[in-house]
Every structure is written in C-alpha cells, then in structure tokens.
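Here are some friendly notes to read alongside the structure. Please keep the 3D view open as you go through them.

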Amino acid sequence: MKKDSELTKKDMLTPEDLIDKPLILSEQSIRNGTIEKWFHKNLSNLTITGTYSLINNGIKMVLGGMGNVLTFKDLSPINPDELIFRPLSPQLTEPSYLIWKKYRYLSAPARLFLQEFKKRLGENE
C-alpha cells in the first residue's frame, strides 16, 4: 500500500480491514479461489481495481493510485519511502509451482539449482 494509506496504522490486516478498499489481486489467486476463501465473500462483493500476473505490474498500479496490492512479502523490492507492506491475519497462503521440461537439456547452473531444489524437498533424482 502507499505510505500515506490509513491502513499503515495497523500491524496486520484482516478481511474486514480490506473489504471496502480498492484491491489489486494476482490472477492466480483469483483463479484458485484463494481470495474468496480468505474473505469469505464472492469476488463480486470486493472492489477489485486491477489484476496482475507479474508483481512489478501490481506495484506500478499501487504507485499509480489504483489501490492496494495483495502479494507475498519480499517477492518484489519495495521502496520503503513509497510503499509499506503489512501481513494478513489470518495468514493467506497460495501454492507455488516449479515447472520444467523433463527431457530438455539444462545448463550446469540450472541442473545444480534443480538438484538442490529436489534435495530440499526430499526427492530423489
């Protein structure tokens, strides 16, 4: 949210805090129904002023005065002189995916990344 938003006075934001505020939401969270579940409301009851698939576009919408963006903390660099992040309560979670072509040649750094990723998930090659 912008630094001058009244919401910055709160340490955490609840659905009640945001229900009547202009919101910028990820397209994925709308498709998955995550937002409706968190708010316990249909999307038609929310003031959705924009959607994004890349958070940097959502940030630009906030800077342009379109509303408040819901996003993961630290997903995109936020200039603290302009924008403020506040966590949600209850916590809002969203599944994430790592996708690659199974039989495609990967560069050495990409192979190392994938090996480390699988190791941390406890998967074997």
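The points below cover the sheet, two residues, one helix and the largest pocket.

1. A word before we start: this is a predicted model, so please read every value below as computed from that prediction.

2. Let's begin with the sheet. Three strands make an open sheet, running in the order E2-E1-E3 with parallel pairing. Strand E2 (47–52) and E3 are the edge strands, and each has a single partner, so one side of each has no neighbour in the sheet. As general background, the strands of a sheet pair through backbone hydrogen bonds, in either a parallel or an antiparallel way.

3. Now look at where E1 meets E3. These two strands pair in the parallel sense over 2 bridges. Opposite Leu23 you will find Asn68, in E3.

4. Asn68 is worth a click of its own. Is Asn68 buried or exposed? With a relative accessibility of 11%, Asn68 counts as buried, because the cut-off for buried is under 20%. Leaving out residues up to four places away in sequence, Asn68 touches Met1, Ser5, Leu7, Lys21, Pro22, Leu23, Ile24 and Val62.

5. That list leads to Val62, which sits in helix H4. Val62 has 0% relative accessibility and so counts as buried. Beyond its neighbours within four places in sequence, Val62 is in contact with Met1, Lys2, Ile24, Gly67, Asn68, Val69 and Leu83. If you would like a distance to check in your viewer, try Val62 to Thr47: they are 15 residues apart in sequence, and their C-alpha atoms are 14 Å apart in space.

6. Helix H5 (residues 108–121) allows a simple length check. At 1.5 Å a residue, its 14 residues should span 20 Å, and the C-alpha atoms at its ends are indeed 20 Å apart, so the two values agree. Just after H5 comes Gly122, with a positive phi of about 80°.

7. Last, the largest pocket, which holds about 790 Å³ of space. Its lining is made up of 38 residues, and those nearest the centre are Tyr52, Leu70, Thr71, Phe72 and Lys73. By type, the lining divides into 24 nonpolar, 9 polar and 5 charged residues.

8. Which elements supply at least two residues each of that lining? They are strand E1 (22–26), helix H2 (27–32), helix H4 (55–63) and strand E3 (68–69). H2 gives the largest share, with 4 residues.

Technical notes:
Residues numbered from 1 in each chain as written. Predicted model: local features only at pLDDT ≥ 70, side-chain atom pairs only at ≥ 80, totals over all residues. Heavy atoms only, no water. 1 Å grid on protein atoms, 1.4 Å probe; cavity = no way out; pocket = protein on both sides within 12 Å on 5 of 7 lines; lining within 4 Å. Points joined across faces, edges and corners; volume = space filled by probe spheres on them. Nonpolar A, V, L, I, M, F, W, Y, C, P; charged D, E, K, R; others polar. Buried < 20%, exposed > 50% of the residue type's maximum accessible area, 1.4 Å probe, protein only. Contact = heavy atoms within 4.5 Å. Expected span 1.5 Å × (residues − 1). Pairing = 2+ DSSP bridges.
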